[in-house]
Protein chains: 2
Amino acid sequence: MVAITIKDVAALAGVSAATASRVLSGNPATSPDSRARVAAAVTELDYRPNAQARALRSTRSDSIGLLVSDVRNPFFADLAHTVEQAALAAGYVTLLGNANERKEQQDRYLDTLISRRVDGIIVAPLGDGSGSIRSLITREIPTVFVDRTVDGLDIPSVTTDSEAGIRQAVEHLAAAGHTRIGYISGPQATSTGRDRFAAFTRAIADKGLSQDHELVYFGDYQAASGSAGVHALLQLRRPPTALLAADSLMAVGAIAILHKLGRRIGVDIALIAFDDIEWFALLNPALSVISHSVEEMGRIAVDMLLQVIDGGQPESVVLPSELIVRASSSTPTSPVSGPSLRTN
Amino acid sequence: MVAITIKDVAALAGVSAATASRVLSGNPATSPDSRARVAAAVTELDYRPNAQARALRSTRSDSIGLLVSDVRNPFFADLAHTVEQAALAAGYVTLLGNANERKEQQDRYLDTLISRRVDGIIVAPLGDGSGSIRSLITREIPTVFVDRTVDGLDIPSVTTDSEAGIRQAVEHLAAAGHTRIGYISGPQATSTGRDRFAAFTRAIADKGLSQDHELVYFGDYQAASGSAGVHALLQLRRPPTALLAADSLMAVGAIAILHKLGRRIGVDIALIAFDDIEWFALLNPALSVISHSVEEMGRIAVDMLLQVIDGGQPESVVLPSELIVRASSSTPTSPVSGPSLRTN
DNA sequence: CGTTTCCATGGAAACGATTCCATACCTACA
DNA sequence: TGTAGGTATGGAATCGTTTCCATGGAAACG
């Protein structure tokens with residue numbers, strides 16, 4: 001592996017390394033002649049500048065870090081795609097990390113991102129402001145929180161207003177006659193887990209529905225915990241007649257076990273999920289969801305990060321959420337959960 | 001932003017930069033005393049080594065590149081997760097790129113990955129061996145192809161044997177009485193697109209089914225082209241009674257438009273998709289699929305890449321595929337596509 | 001024609017680590 | 001006691017760029 005350096009290019013072009021560097025970085029203080037000669041040498045040698053050396057000298061790495069909990073979650077997959085494409089358009093490459101909803105892995109990734117001197121970090125954070133998150137602040141590394149926040153940290157963020165969507169969902173279910181709504185919550189170590197749970201609690205109270213704390217199951221945003229949640233909730237002496245899942249993966253788990261148990265969604269039990277995924281509309285019955293725009297979230301996050309990198313202090317953005325009613329929650333149920341007709 | 005370097009650490013610890021470096025890299029030629037002093041200085045200063053400088057000097061970047069077509073495709077999302085986690089376990093971070101099934105974007109990403117001197121690259125390649133792919137070889141950059149290959153290039157790869165699964169699918173449909181099977185193909189610029197199409201053609205011929213070339217629609221592995229394919233195939237004078245989609249996204253598009261057109265899957269028309277996605281089993285009717293193991297593919301790809309980085313020459317691996325019959329294809333259909341009973 | 005200005009250029013010093021090489025010290029052995 | 005061998009250490013070179021600074025020549029101006 002013979003490494004080709006800028007000196008080789010300079011030698012072949014008959015100029016100095018300094019001039020070659022100037023040509024390559026588009027510095028106007030270059031003659032058309034040397035521009036042409038260097039360009040020719042570059043293609044002749046198939047020269048690729050060493051990004052490490054460049055970054056070392058210029059203290060810019062042209063890379064950003066994106067830390068999410070799990071790309072297999074369609075929400076984060078969409079986010080990763082949008083962020084990566086927007087960053088690419090702005091000349092940055094994206095380092096992807098999956099924290100797997102585990103704080104030590106988040107810290108480990110933040111450490112590597114700091115070591116690699118990424119120009120900025122977009123993170124869906126987990127936990128409180130302890131650990132490596134603290135280092136981001138003391139080092140003044142441009143950071144933007146996406147989807148989630150961390151209490152007490154003054155970092156610009158793009159989040160969703162869960163309140164509106166969840167309130168609409170609860171009101172919708174209440175209007176259909178449900179009084180006992182089961183809630184499959186996200187982990188309380190995340191701001192979305194806490195916020196959505198709080199929104200649910202408030203909405204339930206405002207509507208005068210059952211606040212039986214047994215109706216809440218605390219999951220971890222993974223499919224398996226959705227199944228476990230349904231399992232637990234259906235074993236109650238007075239099981240819920242409707243379910244609200246705090247993210248799409250737990251909804252998937254819930255659907256899987258409901259199928260297995262032979263409970264007909266939208267007939268025997270109503271189901272609404274947070275997060276709109278293309279596929280949810282294809283289910284039969286189609287799934288009612290609380291929708292929010294991932295693409296917008298990703299684009300705004302990159303925009304904000306670029307601003308922070310440029311020394312700006314963008315305002316945090318809160319995006320709306322909204323209930324989309326489909327068949328999975330459209331059947332009115334009598335309060336005692338009697339039999340009902342199926343609609344489609 | 002005051003940068004803390006190894007010299008600061010060395011000064012605080014009262015040793016030289018060389019010794020500090022030795023301590024940090026675990027070199028045994030260090031006294032317990034300086035080890036302790038350096039460790040203390042590191043935590044005191046919250047020192048993070050500059051990965052660029054380290055990489056520049058040691059010609060290892062401890063990073064790999066992963067280039068897929070689109071993380072929003074659940075297959076690639078799973079792959080990205082597995083690869084990223086396996087790489088992390090081996091001490092590497094992953095640079096993610098989405099080529100969006102476009103050759104120029106693939107080339108652009110390969111260029112940046114080369115510039116960044118990643119230690120290796122895992123790519124689901126697109127197109128022929130022209131463009132930047134060629135540079136990978138001449139520069140002897142450790143590379144592994146995953147899911148797809150490029151004809152004529154001697155690069156280790158992990159792929160799926162599409163033949164077996166597709167043959168099983170065709171035989172299964174033929175046994176159910178289908179003679180006109182529509183095929184929604186992947187792009188012919190990808191090896192999977194070509195291989196699966198060839199396998200389909202062979203299977204159709206062997207079974208003596210209709211080889212009407214109008215029954216093949218060439219899509220691009222995106223959902224929209226699945227919809228377009230169904231639309232085109234159903235407009236034929238003699239439309240197919242069964243459909244085989246070459247990937248999951250096109251299957252999603254197909255399902256969406258079939259719903260909209262009021263065609264009942266598994267009743268009016270049979271449907272089988274390549275790629276097994278957890279959610280496909282949750283559809284009603286559940287979707288028959290040709291399944292292959294993404295996790296295994298990802299793990300093996302990282303294993304192989306590590307071998308190549310170590311100077312080895314691992315053998316390419318071909319993983320099996322297999323038909324999983326579910327309700328979407330289980331109803332026998334009379335050759336003339338008459339009415340039939342619904343099973344579930 | 002002489003002086004100023006401008007522009008393209010090359011030499012050399014960074015950037016922050018690793019690593020070769022030489023040295024100083026200490027122990028062990030004859 | 002003198003020498004060989006081992007160990008911990010520091011100085012300095014190095015990795016491949018960018019960028020500061022000085023220089024030389026051409027152009028422009030009086």
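The following exercises, each with a worked solution, concern a predicted model in which chains A and B meet each other and DNA strands C and D.

**Exercise 1. Describe the extent of the interface between chain B and chain A, and say how many salt bridges it holds.**

Step 1. Begin with the residues that meet: 60 residues of chain B are in contact with 58 residues of chain A.

Step 2. Turn next to area. The size of an interface is often given as the accessible area lost when the parts come together. Here chain B and chain A bury about 5500 Å² between them, and 55% of that area lies on carbon and sulfur atoms.

Step 3. Then consider the polar side of the interface, where four salt bridges are counted between chain B and chain A. A pair that qualifies is B:Arg48 with A:Asp111, whose closest N and O atoms are 2.5 Å apart; this counts as a salt bridge because the cut-off is 4 Å. Between the two chains there are also 38 residue pairs in polar contact, both residues being at pLDDT 80 or more.

**Exercise 2. Determine which elements of chain B build the side that touches chain A, and how strand 2 of chain A pairs with strand 2 of chain B.**

Step 1. List the elements of chain B that give two or more residues to this side: they are helix 4 (51-58), helix 5 (74-89), strand 2 (93-98), helix 6 (103-115) and helix 11 (248-261).

Step 2. Rank the contributions: the largest share, eight residues, comes from helix 5 of chain B.

Step 3. Sort the residues on this side of chain B by class, which gives 29 nonpolar, 17 polar and 14 charged residues.

Step 4. Follow strand 2 across the interface. Strand 2 of chain A, residues 93-98, and strand 2 of chain B are antiparallel to each other and pair over three bridges. Within this arrangement, A:Leu96 stands opposite B:Thr94.

**Exercise 3. Identify the residues that come nearest to DNA strand C, and find what share of its atoms within 4 Å of the protein belong to sugar or phosphate.**

Step 1. Of the 25 residues around DNA strand C, those that come nearest are A:Thr19, B:Ile6, B:Ser21, B:Tyr47 and B:Arg57.

Step 2. Of the strand C atoms within 4 Å of the protein, 63% belong to sugar or phosphate, while the rest belong to bases.

Step 3. Examine individual atom pairs. The side chain of A:Thr19 places an N or O atom 2.6 Å from a phosphate oxygen of DNA strand C, and a polar side-chain atom of B:Ser21 lies 2.6 Å from a phosphate oxygen of this strand. On the base side, a polar backbone atom of B:Ala53 is 3.5 Å from a base nitrogen.

Step 4. Assign the surface near DNA strand C to elements: helix 4 of chain B gives the most, with four residues.

**Exercise 4. State which residues are closest to DNA strand D, and which helix gives the most to the surface near this strand.**

Step 1. DNA strand D is surrounded by 26 residues, the closest being A:Ile6, A:Ser21, A:Arg57, B:Thr19 and B:Arg57. Sugar and phosphate make up 60% of the strand D atoms that come within 4 Å of the protein.

Step 2. Inspect the phosphate oxygens of DNA strand D: one is 3.0 Å from a side-chain N or O atom of A:Arg54, a polar backbone atom of B:Ser16 is 2.8 Å from a phosphate oxygen, and a polar side-chain atom of B:Ser31 lies 2.8 Å from a phosphate oxygen.

Step 3. Helix 4 of chain A gives the most to the surface near DNA strand D, with four residues. By class, this surface has 12 nonpolar, eight polar and six charged residues.

Definitions and conventions. Residues are numbered from 1 along each chain as its sequence is written. Chains are lettered from A and ligands numbered from 1 in the order in which they are written. This is a predicted model: local features need pLDDT of at least 70, side-chain atom pairs count only at pLDDT 80 or more; totals for chains, interfaces and linings use all residues. Side-chain values use heavy atoms; hydrogens and water are left out. Contact means heavy atoms within 4.5 Å. Buried area is the accessible area (1.4 Å probe) that two parts lose on being put together, summed over both. A salt bridge is a side-chain nitrogen of Lys or Arg within 4 Å of a carboxyl oxygen of Asp or Glu. A polar contact is a pair of N or O atoms within 3.5 Å; within protein, one must be able to donate a hydrogen and the other to accept it, and residues adjacent in sequence count only if both atoms are side-chain atoms. Ala, Val, Leu, Ile, Met, Phe, Trp, Tyr, Cys and Pro count as nonpolar, Asp, Glu, Lys and Arg as charged, and the others, Gly among them, as polar. Two strands pair if DSSP finds at least two bridges between them. A residue is near a molecule or strand if one of its heavy atoms lies within 4 Å of it.
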